[in-house]
Amino acid sequence: MTRHQLDDLLDLATRVKGKRPGQVLGGKTLGMLFFQPSLRTRVSFEVAMQQLGGHCINLSADDMYELEPSEQAIMDGRAEEHVKDAARTLSRYVDALGVRAAARTGTWTRDRQELLLRSYAEHASVPVINLETVFEHPCQALGDVLTMRENLVSLQGRKLTLLWCNHPEPKSLGPTHSVLQLAALMGMEITLAHPLGFEVDEEVLQRSKDAAADAGGSLQVVNDREVAADGAEVLYARSWGCTKYWDDAEREAMVKRSLQDWRVDAELMARTNQALLMHPLPVRRNVAATDEVLDGDRSRIYDQAANRAHVQKALLMQLIK
Amino acid sequence: MTRHQLDDLLDLATRVKGKRPGQVLGGKTLGMLFFQPSLRTRVSFEVAMQQLGGHCINLSADDMYELEPSEQAIMDGRAEEHVKDAARTLSRYVDALGVRAAARTGTWTRDRQELLLRSYAEHASVPVINLETVFEHPCQALGDVLTMRENLVSLQGRKLTLLWCNHPEPKSLGPTHSVLQLAALMGMEITLAHPLGFEVDEEVLQRSKDAAADAGGSLQVVNDREVAADGAEVLYARSWGCTKYWDDAEREAMVKRSLQDWRVDAELMARTNQALLMHPLPVRRNVAATDEVLDGDRSRIYDQAANRAHVQKALLMQLIK
Amino acid sequence: MTRHQLDDLLDLATRVKGKRPGQVLGGKTLGMLFFQPSLRTRVSFEVAMQQLGGHCINLSADDMYELEPSEQAIMDGRAEEHVKDAARTLSRYVDALGVRAAARTGTWTRDRQELLLRSYAEHASVPVINLETVFEHPCQALGDVLTMRENLVSLQGRKLTLLWCNHPEPKSLGPTHSVLQLAALMGMEITLAHPLGFEVDEEVLQRSKDAAADAGGSLQVVNDREVAADGAEVLYARSWGCTKYWDDAEREAMVKRSLQDWRVDAELMARTNQALLMHPLPVRRNVAATDEVLDGDRSRIYDQAANRAHVQKALLMQLIK
């Protein structure tokens, strides 16, 4: 995505938020495949399509056969249908296809390639929307950038801290990677903060640094949560998994036992420059952040969720002819 | 609910049943959360919204994360999201929210408080509709009262027998409690009949007695099914669980072994004053009532189900602006 | 179905495919019950209803209570509701009902009777559509006949080979039986080819022979795949189960070990008269047919799937008033 494309999308989202655009997608259908649970993504897309006059068809793993993702596979195992055939068939019925394929297979080198999503994208003849992988969650980040823009007007040079926080389970890197890249594109001054060992993907980091520099912003990484909070105008909290122990949840859990202070509380918020508190939800209350700050007047967590529907309307209007 | 509000709702239901009101809820969305299976509730609400020009989004427990209901919880266990956040997020997407939260936790004192439903109601900023708890099932009772009114015109002083019947499993008290209260409000002469040990909730009973007296009706409790049937104009059968053994299904099953004659059959119907036979469905055929009476010409069981859609249309038109 | 009715339906399907017929089913609802997974059937019906202005309500076994199919049952077991009551209730809400009831119970004599589907059909007061049983899959076959007609114009006297192919699991006879009967009705010259032991249902075979003869076509059975391919203008591949070992999947699997050459490949296609390759999907790639032929320019597998939506639109327009 270029900066220009991003601005266009956000401008359209702002317009459709202000005034419903009518039945512009009348008779159109979005197919959504969920291989993991969903609340916001599912409901926000369904509401978006509905309000544009269209319709969503939702399938979960339970509704379908097991699918084979590998090319040239000799399908004598459990998988009843090839992803290729599912993608090509669905393309004959629907106008766009959303796929949530966020399973962990145990190898970061493999999971970072988003093979399943890319297989749908390769074989479908309609647009394919990423509804979250472990590597990217672009729709979440679009809603987040819209939320920041609504509050700060211009994002150029504004101080965003992306803060790792604690969580009992290993989480995907999707929201973090996507917010990082879009914030960089907007020229923000980004501080990425996490404990040692929780580095984000190297390629994403380098790409984001380059994009930030190009856009007149910056990106620094720190390993101290208090330093990270100092002077922030937006504090964006989220947990993510350790890519080094991607196949070893127990080891990650052990490491995290000493990281319980990586939690957002009033004291940390006090170090910021009256920062907006953001988190993509679902949030582990009183583990990732305290009730006090989540329910406080600087919290924008529900606006982020609400804006999902608006940016997705804009996206659907651009993607579906 | 006051008598006046109830009459208003039933009048509106009668009007929308006679003539479809058009797209009055065009662009509106009802979110429905089902934590237990549903046939009638799910389909009747979905049809209702659709025929009013709106749309339902249905989520079951399988589609979502596990949710935490307790305030101030430190969420380091299995629950991935707090009910508070789910309710507030959904309120940003949908225009009303229906919740079926009829799980048994083992303690009647707790379950009668409908904590999960009330937590949604407290945190949502849109109207929340009870789609059944173990304590109340108001939408069922509204359809039932409409059905009685269609057959008997005025319900004032008409003889309704609410009859416990046998069932292999412990059932909720929802439909019984809700029918009891609405029938009382309508001024019916109610006989509540059940074996010793299957008393309904004391507070509901007292409230219903008071309401019946206020409305010029009455409410008596008997423990003899034949006495209960004598002269009834409506025989409303349903099983419900024993609140005393709420945590002990085996003990309840043992008690029920001697209660197999608590079943509606032609002989019992013959004691009534040509009563309408009602049951909220699903019904255990030849356990709760015989095929002969369920399929007989006094049976109104399918009208009750059909009227669910009509009263719910009226309800949605009143609740959603 | 008569030949005349079939022609009418296909003509209507062709018309609605060329030009969307508008909101002719506005406000109408199709209820769909899936007791087995579905991709094409589910999505093609939902898209069809949507594009006609109507709506689908989908229920899977997980959403519902367990249902009792036997008449006069004393329902003191696990089933919470009788099929009779589900069918009659749903008939009060929806305008037509689709049922996928393709479970194997272990006895071919029983399963060939389609008891569950027929129970819905008997008790529902709205039209009931077969969404696949182990005995018939008429909607699939309708889409297939439309696909053949689009490619060959007239089907009279055209050479169709219905070819058994290998599959790791025992499959239903639904698509095979339904294609056989519709192709016979169209007067095609049909070769049914399968290994010894995989005979189709005798009654279906005889009925199809008679229909083919009546329509000026023919039906022969061979047990040699190469002979079957010679000169074919349509090669329709699909696996089906052995009715003799219907209750013994392991024995069927053992028999199939020596049948791995029952697979469509380029060599087999070369024996045909430039045949169209058809398969109802899902297909086991490189087991039932090779990637080369499935992805080749004679393959019509996605057209078959796409035509499901068009024939079903025609069907819905004829069934729903």
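Domain bounds here come from an automatic or database domain assignment. With that in hand, let's walk through this predicted model, starting inside chain A.

**Two domains in chain A**

Chain A splits into domain 1 (3-136 + 308-319) and domain 2 (138-304). Measure between their C-alpha centres and you get 25 Å for domain 1 of chain A and domain 2 of chain A. Where they touch, domain 1 of chain A puts in 25 residues and domain 2 of chain A puts in 20 residues. On the domain 1 side of chain A, at least two residues each come from α1 (3-18), α2 (40-51), α4 (108-111) and α13 (301-319). The top contributor to that side is α1(A), with 5 residues. Sorted by class, the side of domain 1 of chain A facing domain 2 of chain A holds 10 nonpolar, 7 polar and 8 charged residues.

**How the chains relate**

Next, the copies. A turn of 120° with a shift of 0.0 Å along the axis lays chain A on chain B, at an RMSD of 0.0 Å. The two copies are therefore related as by a three-fold rotation axis. They use different surfaces, too: just 4% of the contact residues of chain A recur in chain B.

What about chain A against chain C? There, 25 residues of chain A are in contact with 26 residues of chain C. On the chain A side, β1 (29-34), β2 (55-60), β4 (81-82) and α3 (83-93) each bring at least two residues. Helix α3(A) gives the most to this side, with 7 residues. The class split for the side of chain A that touches chain C is 10 nonpolar, 7 polar and 8 charged residues.

**A sheet in chain C**

Chain C has an open sheet of 4 strands, in the order β2-β1-β5-β6, with parallel pairing. Because β2 (55-60) and β6 (128-130) of chain C sit at the edges with a single partner strand each, one side of each has no neighbour in the sheet. On average, neighbouring strands of this sheet are turned by 20° against each other, ignoring direction. Zooming in, β5 (residues 96-100) of chain C is joined to β6(C) by 3 bridges, and the two run parallel. C:Val99 has C:Asn130 of β6(C) opposite.

**A helix crossing in chain B**

Over in chain B, the axes of α6 (residues 138-152) and α13 (residues 301-319) come within 8 Å and cross at roughly 110°. Angles of 65 to 115 degrees count as roughly perpendicular, so α6(B) is roughly perpendicular to α13(B). Among the residues making this contact are B:Leu142 and B:Leu146 of α6(B), along with B:Asn307 and B:Val311 of α13(B). By class, the contact of α6(B) with α13(B) comes to 4 nonpolar, 6 polar and 3 charged residues.

**Backbone oddities**

Here are the cis peptide bonds worth a look if you're setting up torsions.

| Cis peptide bond | Omega |
|---|---|
| B:Leu281 to B:Pro282 | about 0° |
| C:Leu281 to C:Pro282 | near -5° |

B:Pro282 is in the loop between β11 (276-278) and α12 (291-294) of chain B. In chain C, C:Pro282 is placed in the loop between β11 (276-278) and α12 (291-294).

Which phi does B:Gln72 have? B:Gln72 shows a positive value of about 60°, though it isn't a glycine. You'll find B:Gln72 in the loop between β3 (67-68) and β4 (81-82) of chain B.

Key: Residues are numbered from 1 along each chain as its sequence is written. Chains are lettered from A and ligands numbered from 1 in the order in which they are written. This is a predicted model: local features need pLDDT of at least 70, side-chain atom pairs count only at pLDDT 80 or more; totals for chains, interfaces and linings use all residues. Two strands pair if DSSP finds at least two bridges between them. Axes are lines fitted to C-alpha atoms, for helices over the stretch in contact, and angles run from 0 to 180 degrees between N-to-C directions. Two residues are in contact if their C-beta atoms, placed from the backbone, lie within 7 Å. Ala, Val, Leu, Ile, Met, Phe, Trp, Tyr, Cys and Pro count as nonpolar, Asp, Glu, Lys and Arg as charged, and the others, Gly among them, as polar. Angles under 35 degrees count as roughly parallel, over 145 as roughly antiparallel, 65 to 115 as roughly perpendicular and the rest as oblique. Copies are superposed by least squares on the C-alpha atoms of residues with pLDDT of at least 70 in both.
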